[in-house]
Structure formats: structure tokens, C-alpha cells
Amino acid sequence: MRRKPVRAIFPGSFDPITNGHLDVISRAIKLFDELVIAVGRSPVKNQLFTPEERVQMIEEIIRQRRMKGVSVESFDGLTVEYAAKKKADVILRGLRSLTDVQYEFQLAMTNRAVAGIETVFIMTSEQYGFTSSTLIREVASLGGNLSNLIPENVYERLQQRFKKRTPSEGSRKAGSQTGG
Ligand code: ADP
């Protein structure tokens with residue numbers, strides 16, 4: 001009997017997408033038939049890129065790397081409502097370390113309690129275990145070399161974003177954020 005295709009959504013801020021996210025995505029596409037990268041539109045404190053810019057960068061990567069079965073869009077509101085709208089079978093989340101587990105565990109339990117949807121976790125490669133969008137924004141604002149941690153197109157966007165700022169302006173804008 002043919003099995004039903006499994007569709008996963010990968011929700012997050014992706015401000016910006018990093019090689020850690022992409023590592024999780026490349027592992028996930030071996031497990032799921034369809035993967036929708038879902039960029040949250042909810043205003044986060046001190047966001048660097050607009051949802052449209054974040055989606056555009058991810059679209060470029062999907063195209064360049066010819067990722068089959070992967071798409072990207074932005075969404076508003078509750079992840080579980082978006083998952084239901086997309087008829088997603090699972091929510092995908094990435095794990096870097098034990099520190100991520102506590103928060104992700106609560107989130108997954110809540111999503112299952114309110115909407116009955118399962119969350120699947122994929123652990124990133126050790127080399128990206130310390131990579132976060134927050135740190136990327138901070139290091140980029142200070143002009144650091146990030147070429148191993150983010151894709152080329154994201155690196156270029158970050159350089160454009162910070163080239164007109166002085167380092168202290170950049171770090172003020174990019175810093176003092178929590179999460180991702
Ligand atoms: P959110 O604000 O929802 O945490 P993020 O864009 O920061 O959005 O992260 C989206 C997902 O990707 C989360 O599950 C997060 O734990 C995971 N993630 C973030 N950075 C990495 C990384 N370096 N390796 C693996 N997973 C990651």
C-alpha cells in the first residue's frame with residue numbers, strides 16, 4: 001500500500017537563516033516528503049531583517065541548492081493554526097544542545113495539548129551546536145568573519161546591512177535580544 005506523503009513545517013524566526021538551520025533542513029528532507037520553512041511574522045524585538053527579506057534569502061538558497069520538496073513562506077499568529085492550515089503532519093524543530101531541550105519540550109507539549117500535533121526534533125551537527133541567529137547578528141554587526149556559519153547570500157546581506165553603521169551602532173541594534 002502506498003503511504004501518504006508526510007508534510008512537515010519548520011517554524012522559526014530565521015533572522016537570518018544559518019548553516020545550523022540548513023543542517024537540520026538537509027537532514028529533514030531525507031525523512032519527509034514535503035518541508036515548508038515557515039518564517040514567523042510576529043514582531044520580534046530588534047529584528048534585523050523583515051519577514052520578506054528572510055523569506056527571500058531562504059528562497060535563494062532553495063533555488064541555488066536545488067532542494068526538492070522544500071518551500072518557504074511567512075506566517076502570522078499561532079504555529080499550530082498555521083500547521084492546520086497547511087495540513088502539516090508534524091512540526092520540525094532543531095536542537096543544538098541540552099539547553100534547547102527544556103524550552104522545546106514545553107513548546108512541543110503545549111502544541112500537542114492544544115492541537116494534537118507532534119513535533120519531531122533533529123539534532124544539528126556538532127559544528128553548529130553554538131550557532132544562533134542572535135550571535136550571527138551580533139558578530140556581523142562588529143564585522144566578524146562568519147563565512148563558515150552562514151550561507152554566502154546571507155553573509156552578503158549582512159555586510160550590506162551593517163556597512164553604513166558604525167560598529168557601536170550596529171551592536172546596539174543587533175544586540176540585547178533573546179532566543180534564536
Ligand atoms: P525561534 O525564534 O522559533 O526559536 P529560530 O530561527 O531561532 O526561531 O530557530 C528555529 C528552530 O531552529 C528552533 O527549533 C531552533 O532551536 C533551531 N535552531 C536554531 N539554530 C540552530 C542551529 N544552529 N542548529 C540546529 N537548530 C537550530
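These questions and answers walk through a predicted model.

Me: How many residues does helix 6 have, and what distance does helix 6 reach from its first C-alpha to its last?
Reply: Helix 6 covers residues 152-163. At 1.5 Å a residue, a span of 16 Å is expected. The helix comes close to that: it has 12 residues and reaches 16 Å.

Me: Which residues of helix 6 are buried?
Reply: Residues three or four places apart in an α-helix point the same way, because there are 3.6 residues a turn. Buried means under 20% relative accessible area. In helix 6 the buried residues are N153, V154, Y155, R157, L158 and F162.

Me: Is R157 buried or exposed?
Reply: R157 sits in helix 6. Its contacts beyond four places in sequence are F49, E53, Q56, M57 and E60. Its relative accessible area is 16%, and the cut-off for buried is under 20%, so R157 is buried.

Me: At what angle do helix 2 and helix 6 pack, and how far apart are their axes?
Reply: Packed helices are described by the angle between their axes and the distance between the axes. Helix 2 spans residues 51-64. Helix 2 and helix 6 pack with an angle of about 145° and axes 10 Å apart.

Me: Which residues make the contact of helix 2 with helix 6, and how many are nonpolar, polar and charged?
Reply: Helix 2 brings E53, Q56, M57, E60 and I61. Helix 6 brings N153, V154, R157 and R161. By class, that gives 3 nonpolar, 2 polar and 4 charged residues.

Me: Which residues touch the most other members of the largest nonpolar core?
Reply: Nonpolar side chains tend to be buried together in soluble globular proteins. The largest nonpolar core here has 35 residues. Those touching the most other members are I17, I25, I37, I58, L92, L146 and L158.

Me: Which element gives the most to this core?
Reply: Several elements give two or more residues to the largest nonpolar core, including strand 1 (7-12), helix 1 (19-28), strand 2 (34-40) and helix 5 (133-141). Strand 3 (70-75), strand 4 and helix 6 are also among them. The most, 5 residues, comes from helix 2.

Me: Which other core lies apart from the largest one, and how many residues does this other core have?
Reply: This other core includes I9, V36, A38 and A83. It lies apart from the largest nonpolar core. Its number of residues is 10.

Me: What does L146 contact, leaving aside neighbours within four places in sequence?
Reply: L146 is one of the residues that touch the most other members of the largest nonpolar core. Its contacts are I136, V139, A140, Y155 and L158.

Me: Which pair of aromatic rings is edge-to-face, and which is stacked?
Reply: The structure holds 2 aromatic pairs. F10 and F14 lie 5.2 Å centre to centre with 80° between the planes, and this pair is edge-to-face. The rings of F75 and Y82 have centres 4.7 Å apart and planes at 25°, so F75 and Y82 are stacked.

Me: Where is the cis peptide bond?
Reply: Most peptide bonds are trans. P16 lies in the loop between strand 1 and helix 1. With omega near 0°, the cis bond runs from D15 to P16.

Me: F14 and K87 have a positive phi; which is buried and which is exposed?
Reply: Phi is near 50° for F14 and about 55° for K87. F14 lies in the loop between strand 1 and helix 1, while K87 lies in the loop between helix 3 and strand 4. At 2% relative accessibility F14 is buried; at 65%, K87 is exposed.

Me: What distance separates the C-alpha atoms of A88 and A8?
Reply: A88 is found in the loop between helix 3 (79-85) and strand 4 (90-95). A88 is buried at 14% relative accessible area, and touches R7, I9, A83 and I117 beyond four places in sequence. A88 and A8 are 80 residues apart in sequence, yet their C-alpha distance is 5.4 Å.

Me: Is L22 buried or exposed?
Reply: L22 is found in helix 1. Beyond four places in sequence, L22 contacts I17, I61, R65, M67 and P151. Its relative accessible area is 6%, so L22 is buried.

Terms used:
Residues numbered from 1 in each chain as written. Predicted model: local features only at pLDDT ≥ 70, side-chain atom pairs only at ≥ 80, totals over all residues. Heavy atoms only, no water. Helix = DSSP H or I, 4+ residues; strand = E, 2+ residues; numbered from the N terminus. Expected span 1.5 Å × (residues − 1). Buried < 20%, exposed > 50% of the residue type's maximum accessible area, 1.4 Å probe, protein only. Contact = heavy atoms within 4.5 Å. Axes fitted to C-alpha atoms, helices over the stretch in contact; angles between N-to-C directions. Nonpolar A, V, L, I, M, F, W, Y, C, P; charged D, E, K, R; others polar. Core = buried A, V, L, I, M, F, W, Y, C linked by side-chain atoms within 4.5 Å. Phe/Tyr/Trp six-rings, centres within 6.5 Å; stacked < 30°, edge-to-face > 60°.
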